[in-house]
Amino acid sequence: MRLRLPKTKELEGKTFDTVIIGGGPAGFSAAIYTSRFLMSSLVIAENVGGQLTLTDKVDDYPGTLEVPAADLVRNFKKHAEMFGTRVHWGDRVETFKRLEDGRYEILTRRGLKLYGRTVIVAIGSKRRKLGVPGEREFAGRGVSYCSVCDAPFFAGKEAVVVVGGGDAAFEGALMLSGYVKKVYLVHRRKQFRAKPFYVEKVLTLPNVEILVDTVVEEIRGEKTVNEVVVKNKITGEKKALKVDGVFIEIGFEPDIEWARKNGLNTDERGYIVVDEWMRTNLPGVFAAGDCTTMWLGFRQVVTAAAMGAVAAYSAFNYLAEHGG
Ligand code: NAP
(Lines give C-alpha, C1' and ligand atoms only; values in the text may rest on other atoms or scores of the structure.)
Protein backbone atom coordinates (compact mmCIF):
# COMPACT_ATOMS: atom_id res chain seq x y z
CA MET A 1 0.00 0.00 0.00
CA ARG A 2 1.36 3.44 -0.88
CA LEU A 3 1.26 5.97 1.92
CA ARG A 4 -0.42 9.22 0.97
CA LEU A 5 1.85 12.13 1.71
CA PRO A 6 0.25 15.07 3.48
CA LYS A 7 -0.70 18.11 1.41
CA THR A 8 1.75 20.97 1.40
CA LYS A 9 -0.03 23.80 -0.38
CA GLU A 10 -1.23 25.52 2.75
CA LEU A 11 2.33 25.71 4.08
CA GLU A 12 3.66 27.42 0.97
CA GLY A 13 5.00 30.91 1.70
CA LYS A 14 4.15 30.75 5.40
CA THR A 15 6.44 32.07 8.13
CA PHE A 16 6.90 30.13 11.38
CA ASP A 17 8.64 31.31 14.53
CA THR A 18 10.70 28.19 14.22
CA VAL A 19 11.20 25.53 11.59
CA ILE A 20 12.60 22.33 13.03
CA ILE A 21 14.43 20.14 10.56
CA GLY A 22 14.26 16.49 11.60
CA GLY A 23 11.68 14.32 13.34
CA GLY A 24 13.66 12.30 15.85
CA PRO A 25 13.71 12.73 19.63
CA ALA A 26 15.78 15.95 19.37
CA GLY A 27 13.44 17.53 16.83
CA PHE A 28 10.21 16.62 18.59
CA SER A 29 11.55 17.55 22.01
CA ALA A 30 12.48 20.95 20.56
CA ALA A 31 8.97 21.22 19.10
CA ILE A 32 7.31 20.39 22.42
CA TYR A 33 9.23 23.22 24.06
CA THR A 34 8.89 25.83 21.28
CA SER A 35 5.13 25.20 21.16
CA ARG A 36 4.95 25.50 24.92
CA PHE A 37 6.70 28.87 24.51
CA LEU A 38 3.82 29.77 22.15
CA MET A 39 6.11 29.91 19.13
CA SER A 40 4.48 28.80 15.89
CA SER A 41 6.44 25.64 15.11
CA LEU A 42 6.81 23.41 12.09
CA VAL A 43 8.66 20.09 12.04
CA ILE A 44 9.85 18.96 8.61
CA ALA A 45 10.91 15.32 8.59
CA GLU A 46 11.55 12.70 5.99
CA ASN A 47 10.20 10.10 8.38
CA VAL A 48 8.90 10.41 11.89
CA GLY A 49 11.10 8.93 14.59
CA GLY A 50 14.63 9.22 13.27
CA GLN A 51 16.84 6.43 14.53
CA LEU A 52 14.16 5.32 16.96
CA THR A 53 12.53 3.66 13.99
CA LEU A 54 15.58 1.38 13.80
CA THR A 55 15.25 0.01 17.29
CA ASP A 56 12.89 -2.41 18.95
CA LYS A 57 12.34 -1.42 22.56
CA VAL A 58 13.59 1.44 24.67
CA ASP A 59 14.14 0.70 28.33
CA ASP A 60 16.24 3.65 29.42
CA TYR A 61 14.10 6.70 28.70
CA PRO A 62 13.10 8.04 32.11
CA GLY A 63 9.53 7.46 33.12
CA THR A 64 8.56 5.10 30.33
CA LEU A 65 9.93 1.85 31.85
CA GLU A 66 10.19 -0.47 28.85
CA VAL A 67 8.36 0.83 25.82
CA PRO A 68 8.24 -0.20 22.14
CA ALA A 69 10.29 2.38 20.22
CA ALA A 70 7.38 2.88 17.80
CA ASP A 71 5.11 3.91 20.70
CA LEU A 72 7.68 6.35 22.03
CA VAL A 73 7.99 7.93 18.57
CA ARG A 74 4.22 8.22 18.25
CA ASN A 75 4.02 9.87 21.64
CA PHE A 76 6.80 12.34 20.88
CA LYS A 77 4.87 13.46 17.80
CA LYS A 78 1.51 13.46 19.58
CA HIS A 79 2.95 15.48 22.43
CA ALA A 80 4.35 18.15 20.08
CA GLU A 81 1.07 18.30 18.13
CA MET A 82 -0.90 18.55 21.37
CA PHE A 83 0.80 21.90 21.96
CA GLY A 84 0.21 23.08 18.40
CA THR A 85 3.25 21.97 16.39
CA ARG A 86 2.62 21.31 12.69
CA VAL A 87 4.36 18.23 11.29
CA HIS A 88 5.20 18.07 7.60
CA TRP A 89 6.65 14.63 6.89
CA GLY A 90 7.71 12.74 3.80
CA ASP A 91 9.80 15.69 2.72
CA ARG A 92 13.31 16.92 3.27
CA VAL A 93 14.83 20.36 3.59
CA GLU A 94 17.38 20.79 0.84
CA THR A 95 18.60 24.31 1.57
CA PHE A 96 17.99 27.26 3.80
CA LYS A 97 19.40 30.78 3.60
CA ARG A 98 19.15 33.99 5.56
CA LEU A 99 17.18 36.86 4.03
CA GLU A 100 17.81 40.55 4.61
CA ASP A 101 14.89 40.75 7.05
CA GLY A 102 16.57 38.08 9.23
CA ARG A 103 14.19 35.23 8.36
CA TYR A 104 15.40 32.02 6.81
CA GLU A 105 14.02 30.90 3.48
CA ILE A 106 13.64 27.15 3.42
CA LEU A 107 13.35 25.02 0.31
CA THR A 108 12.27 21.39 0.40
CA ARG A 109 12.75 18.51 -2.00
CA ARG A 110 9.05 18.47 -2.80
CA GLY A 111 9.24 22.07 -3.93
CA LEU A 112 7.89 23.86 -0.89
CA LYS A 113 9.20 27.33 0.00
CA LEU A 114 8.54 28.67 3.48
CA TYR A 115 10.20 30.78 6.14
CA GLY A 116 11.47 30.44 9.69
CA ARG A 117 12.34 33.28 12.06
CA THR A 118 14.58 30.68 13.67
CA VAL A 119 15.71 27.24 12.55
CA ILE A 120 16.51 24.20 14.66
CA VAL A 121 18.56 21.58 12.85
CA ALA A 122 18.03 18.08 14.23
CA ILE A 123 18.86 15.95 11.23
CA GLY A 124 20.51 13.07 13.09
CA SER A 125 23.14 11.07 11.25
CA LYS A 126 23.51 8.48 8.50
CA ARG A 127 24.46 4.81 8.77
CA ARG A 128 28.17 4.16 8.55
CA LYS A 129 29.35 1.86 5.77
CA LEU A 130 32.05 -0.79 6.03
CA GLY A 131 33.54 0.06 2.66
CA VAL A 132 34.46 -3.51 1.70
CA PRO A 133 34.03 -5.22 -1.68
CA GLY A 134 30.53 -6.60 -2.12
CA GLU A 135 28.88 -4.27 0.39
CA ARG A 136 27.33 -1.91 -2.11
CA GLU A 137 26.66 -4.65 -4.66
CA PHE A 138 24.63 -6.76 -2.22
CA ALA A 139 22.87 -3.91 -0.39
CA GLY A 140 19.26 -5.04 0.02
CA ARG A 141 20.22 -8.50 -1.29
CA GLY A 142 21.58 -9.86 1.97
CA VAL A 143 23.38 -6.76 3.21
CA SER A 144 21.27 -4.88 5.74
CA TYR A 145 21.92 -1.90 8.01
CA CYS A 146 19.06 -2.57 10.39
CA SER A 147 18.76 -5.91 12.17
CA VAL A 148 15.66 -4.86 14.03
CA CYS A 149 13.90 -3.93 10.77
CA ASP A 150 15.06 -6.84 8.62
CA ALA A 151 15.56 -9.82 10.98
CA PRO A 152 12.13 -11.35 10.19
CA PHE A 153 13.09 -11.60 6.49
CA PHE A 154 15.78 -14.09 7.50
CA ALA A 155 13.49 -16.43 9.42
CA GLY A 156 14.61 -20.05 9.06
CA LYS A 157 17.93 -19.17 7.34
CA GLU A 158 21.11 -21.03 8.23
CA ALA A 159 23.45 -18.25 9.28
CA VAL A 160 24.11 -14.51 9.28
CA VAL A 161 26.92 -12.17 10.30
CA VAL A 162 26.39 -9.13 12.47
CA VAL A 163 29.22 -6.60 12.38
CA GLY A 164 29.93 -4.21 15.27
CA GLY A 165 30.46 -4.08 19.00
CA GLY A 166 27.90 -1.49 20.10
CA ASP A 167 24.32 -1.69 21.35
CA ALA A 168 22.90 -1.98 17.84
CA ALA A 169 25.07 -4.99 16.98
CA PHE A 170 24.25 -6.77 20.23
CA GLU A 171 20.57 -5.94 20.05
CA GLY A 172 20.66 -7.20 16.46
CA ALA A 173 22.42 -10.46 17.40
CA LEU A 174 19.90 -10.99 20.16
CA MET A 175 16.98 -10.53 17.84
CA LEU A 176 18.45 -12.51 14.94
CA SER A 177 19.24 -15.45 17.21
CA GLY A 178 15.49 -16.01 17.41
CA TYR A 179 15.12 -16.24 13.63
CA VAL A 180 18.34 -17.74 12.29
CA LYS A 181 20.11 -21.00 13.17
CA LYS A 182 23.53 -19.42 13.65
CA VAL A 183 24.66 -15.84 14.22
CA TYR A 184 28.30 -14.71 13.99
CA LEU A 185 28.98 -11.44 15.73
CA VAL A 186 32.14 -9.98 14.22
CA HIS A 187 33.90 -7.18 16.08
CA ARG A 188 37.19 -5.48 15.28
CA ARG A 189 38.55 -5.51 18.85
CA LYS A 190 38.04 -7.27 22.20
CA GLN A 191 36.24 -4.52 24.10
CA PHE A 192 32.57 -3.85 23.45
CA ARG A 193 30.81 -0.52 23.55
CA ALA A 194 27.48 -2.28 24.07
CA LYS A 195 25.80 -2.09 27.46
CA PRO A 196 26.86 -4.98 29.71
CA PHE A 197 23.20 -5.97 29.88
CA TYR A 198 23.22 -6.79 26.15
CA VAL A 199 26.64 -8.45 26.22
CA GLU A 200 25.68 -10.74 29.10
CA LYS A 201 22.44 -11.72 27.39
CA VAL A 202 24.14 -12.53 24.08
CA LEU A 203 26.86 -14.54 25.80
CA THR A 204 24.19 -16.95 27.11
CA LEU A 205 22.86 -17.70 23.61
CA PRO A 206 24.07 -21.05 22.26
CA ASN A 207 23.61 -20.08 18.60
CA VAL A 208 25.67 -16.86 18.71
CA GLU A 209 29.42 -17.06 18.13
CA ILE A 210 31.44 -13.93 18.86
CA LEU A 211 34.55 -13.37 16.75
CA VAL A 212 36.70 -10.62 18.28
CA ASP A 213 39.73 -8.87 16.80
CA THR A 214 38.13 -9.76 13.50
CA VAL A 215 37.27 -7.66 10.46
CA VAL A 216 35.17 -8.28 7.38
CA GLU A 217 37.28 -8.28 4.24
CA GLU A 218 34.75 -9.12 1.57
CA ILE A 219 31.09 -9.95 1.03
CA ARG A 220 30.45 -12.48 -1.71
CA GLY A 221 27.45 -14.00 -3.37
CA GLU A 222 25.60 -14.59 -6.57
CA LYS A 223 22.08 -13.21 -6.61
CA THR A 224 22.23 -12.71 -2.86
CA VAL A 225 24.94 -12.97 -0.22
CA ASN A 226 26.30 -16.47 0.42
CA GLU A 227 29.72 -15.89 1.95
CA VAL A 228 31.60 -13.40 4.11
CA VAL A 229 35.38 -13.40 4.30
CA VAL A 230 36.69 -12.41 7.72
CA LYS A 231 40.22 -11.96 8.97
CA ASN A 232 41.62 -12.23 12.47
CA LYS A 233 43.75 -9.12 12.96
CA ILE A 234 46.09 -10.79 15.46
CA THR A 235 46.77 -14.11 13.74
CA GLY A 236 46.11 -12.99 10.16
CA GLU A 237 43.96 -16.10 9.68
CA LYS A 238 41.19 -15.74 7.10
CA LYS A 239 37.89 -17.64 7.03
CA ALA A 240 35.00 -17.75 4.59
CA LEU A 241 31.77 -17.94 6.58
CA LYS A 242 28.83 -19.45 4.72
CA VAL A 243 25.99 -17.07 5.50
CA ASP A 244 22.75 -15.76 4.03
CA GLY A 245 23.10 -12.20 5.22
CA VAL A 246 25.28 -9.51 6.77
CA PHE A 247 23.96 -6.95 9.20
CA ILE A 248 26.26 -3.95 9.36
CA GLU A 249 25.67 -2.23 12.68
CA ILE A 250 28.72 -0.02 13.03
CA GLY A 251 27.17 3.24 14.04
CA PHE A 252 26.38 6.49 12.34
CA GLU A 253 28.08 9.47 10.79
CA PRO A 254 26.84 12.99 10.13
CA ASP A 255 25.66 14.37 6.80
CA ILE A 256 28.66 16.63 6.29
CA GLU A 257 27.67 17.78 2.81
CA TRP A 258 24.23 18.97 3.86
CA ALA A 259 25.61 20.90 6.83
CA ARG A 260 28.35 22.59 4.82
CA LYS A 261 26.09 23.34 1.86
CA ASN A 262 23.92 25.32 4.25
CA GLY A 263 26.81 27.27 5.73
CA LEU A 264 26.98 25.50 9.08
CA ASN A 265 30.37 25.14 10.71
CA THR A 266 31.25 21.51 11.36
CA ASP A 267 34.15 19.76 13.00
CA GLU A 268 36.53 17.70 10.88
CA ARG A 269 34.15 14.71 10.94
CA GLY A 270 31.15 16.75 9.88
CA TYR A 271 29.29 17.21 13.19
CA ILE A 272 27.67 20.64 13.47
CA VAL A 273 29.59 22.75 15.96
CA VAL A 274 27.35 24.03 18.77
CA ASP A 275 27.98 25.77 22.07
CA GLU A 276 26.36 24.80 25.36
CA TRP A 277 23.17 26.63 24.30
CA MET A 278 23.05 24.69 21.03
CA ARG A 279 23.88 27.83 19.03
CA THR A 280 25.52 27.31 15.66
CA ASN A 281 27.67 29.82 13.77
CA LEU A 282 24.53 31.16 12.00
CA PRO A 283 22.38 33.73 13.83
CA GLY A 284 19.03 32.25 14.83
CA VAL A 285 20.03 28.74 13.80
CA PHE A 286 20.37 26.12 16.51
CA ALA A 287 21.17 22.43 16.29
CA ALA A 288 20.38 19.45 18.49
CA GLY A 289 20.88 15.72 18.71
CA ASP A 290 23.15 13.33 16.87
CA CYS A 291 24.16 15.81 14.16
CA THR A 292 25.98 18.04 16.66
CA THR A 293 29.31 18.06 18.47
CA MET A 294 27.55 17.99 21.86
CA TRP A 295 28.04 14.86 24.03
CA LEU A 296 29.48 13.03 21.05
CA GLY A 297 30.30 9.82 22.88
CA PHE A 298 26.86 9.37 24.44
CA ARG A 299 24.05 9.17 21.92
CA GLN A 300 20.84 8.38 23.75
CA VAL A 301 17.18 9.30 23.37
CA VAL A 302 17.41 11.23 26.62
CA THR A 303 20.47 13.24 25.54
CA ALA A 304 18.91 14.03 22.15
CA ALA A 305 15.72 15.16 23.88
CA ALA A 306 17.73 17.29 26.30
CA MET A 307 19.55 19.01 23.44
CA GLY A 308 16.24 19.65 21.68
CA ALA A 309 14.81 21.31 24.79
CA VAL A 310 17.87 23.56 25.15
CA ALA A 311 17.79 24.48 21.45
CA ALA A 312 14.11 25.43 21.81
CA TYR A 313 14.86 27.65 24.81
CA SER A 314 17.66 29.35 22.89
CA ALA A 315 15.40 29.91 19.89
CA PHE A 316 12.80 31.46 22.21
CA ASN A 317 15.41 33.77 23.74
CA TYR A 318 16.71 34.69 20.30
CA LEU A 319 13.23 35.82 19.23
CA ALA A 320 12.74 37.69 22.49
CA GLU A 321 15.97 39.61 21.82
CA HIS A 322 15.62 40.14 18.07
CA GLY A 323 11.85 40.43 17.77
CA GLY A 324 9.54 37.88 16.24
P1 NAP B 1 28.18 2.71 18.26
O2 NAP B 1 27.79 2.68 19.69
O3 NAP B 1 28.90 3.88 17.70
O4 NAP B 1 29.04 1.38 17.98
C5 NAP B 1 29.56 1.14 16.72
C6 NAP B 1 30.35 -0.13 16.76
O7 NAP B 1 30.80 -0.43 15.44
C8 NAP B 1 31.60 -0.04 17.64
O9 NAP B 1 31.77 -1.24 18.33
C10 NAP B 1 32.71 0.21 16.64
O11 NAP B 1 33.93 -0.37 17.00
C12 NAP B 1 32.21 -0.53 15.42
N13 NAP B 1 32.72 0.11 14.20
C14 NAP B 1 32.67 1.42 13.85
N15 NAP B 1 33.21 1.61 12.63
C16 NAP B 1 33.61 0.39 12.21
C17 NAP B 1 34.23 -0.06 11.02
N18 NAP B 1 34.54 0.78 10.02
N19 NAP B 1 34.50 -1.38 10.93
C20 NAP B 1 34.19 -2.24 11.92
N21 NAP B 1 33.58 -1.87 13.06
C22 NAP B 1 33.30 -0.57 13.21
O23 NAP B 1 26.90 2.54 17.28
P24 NAP B 1 25.52 1.74 17.49
O25 NAP B 1 25.72 0.44 18.14
O26 NAP B 1 24.88 1.81 16.14
O27 NAP B 1 24.71 2.68 18.47
C28 NAP B 1 24.52 4.06 18.16
C29 NAP B 1 23.84 4.75 19.35
O30 NAP B 1 22.51 4.24 19.49
C31 NAP B 1 24.56 4.45 20.68
O32 NAP B 1 24.49 5.59 21.47
C33 NAP B 1 23.75 3.35 21.29
O34 NAP B 1 23.81 3.32 22.72
C35 NAP B 1 22.34 3.69 20.80
N36 NAP B 1 21.53 2.45 20.71
C37 NAP B 1 20.85 2.08 21.83
C38 NAP B 1 20.08 0.92 21.78
C39 NAP B 1 19.32 0.52 23.00
O40 NAP B 1 19.68 0.96 24.10
N41 NAP B 1 18.27 -0.29 22.87
C42 NAP B 1 20.03 0.13 20.64
C43 NAP B 1 20.78 0.52 19.52
C44 NAP B 1 21.54 1.68 19.59
P45 NAP B 1 34.86 0.26 18.15
O46 NAP B 1 34.19 -0.08 19.42
O47 NAP B 1 36.16 -0.42 17.94
O48 NAP B 1 34.91 1.72 17.85
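Colleague: Which residue in S15 stands opposite Thr-214?
Modeller: This is a predicted model, in which local features need pLDDT of at least 70, side-chain atom pairs count only at pLDDT 80 or more, and totals for chains, interfaces and linings use all residues. Residues are numbered from 1 along each chain as its sequence is written, and side-chain values use heavy atoms, without hydrogens and water. Helices (H or I, at least four residues) and strands (E, at least two) are DSSP runs numbered from the N terminus. In S15, the residue opposite Thr-214 is Asn-232.

Colleague: Over how many bridges do S14 and S15 pair?
Modeller: Two strands pair if DSSP finds at least two bridges between them. S14 and S15 (residues 225–232) pair in the antiparallel sense, and the number of bridges is 7.

Colleague: Which strands stand at the edges of the open sheet formed by S14, S15 and S16?
Modeller: The order in this antiparallel sheet is S14-S15-S16. Each edge strand has a single partner, so one side of it is left without a neighbour in the sheet; these strands are S14 (214–221) and S16 (238–242).

Colleague: In the parallel sheet of 5 strands, what is the strand order?
Modeller: S11 (residues 159–163) and S17 (residues 245–248) pair in the parallel sense over 4 bridges, with Val-161 opposite Val-246. The order of this open sheet is S10-S17-S11-S12-S13.

Colleague: How many residues in the shell around the ligand are charged?
Modeller: The ligand is surrounded by 23 residues, counted as near if one of their heavy atoms lies within 4 Å. By class (Asp, Glu, Lys and Arg are charged), the shell has 5 nonpolar and 7 polar residues, and the number of charged ones is 11.

Colleague: Where does the ligand lie with respect to the domains?
Modeller: Domain bounds come from an automatic or database domain assignment. Domain 1 (9–126 + 253–321) and domain 2 (143–248) both give residues to the shell, so the ligand lies between domain 1 and domain 2.

Colleague: What percentage of the ligand's accessible area does the protein cover?
Modeller: Polar contacts with the ligand (pairs of N or O atoms within 3.5 Å) include one of 2.7 Å between a ligand oxygen and the side chain of Lys-195. Another places a polar side-chain atom of Tyr-198 at 2.8 Å from a ligand nitrogen. On its own, the ligand has 910 Å² of accessible area, by the Shrake-Rupley method with a 1.4 Å probe; the part covered by the protein is 81%.

Notes: Polar contact = N/O pair within 3.5 Å; in protein donor to acceptor, adjacent residues only side chain to side chain.
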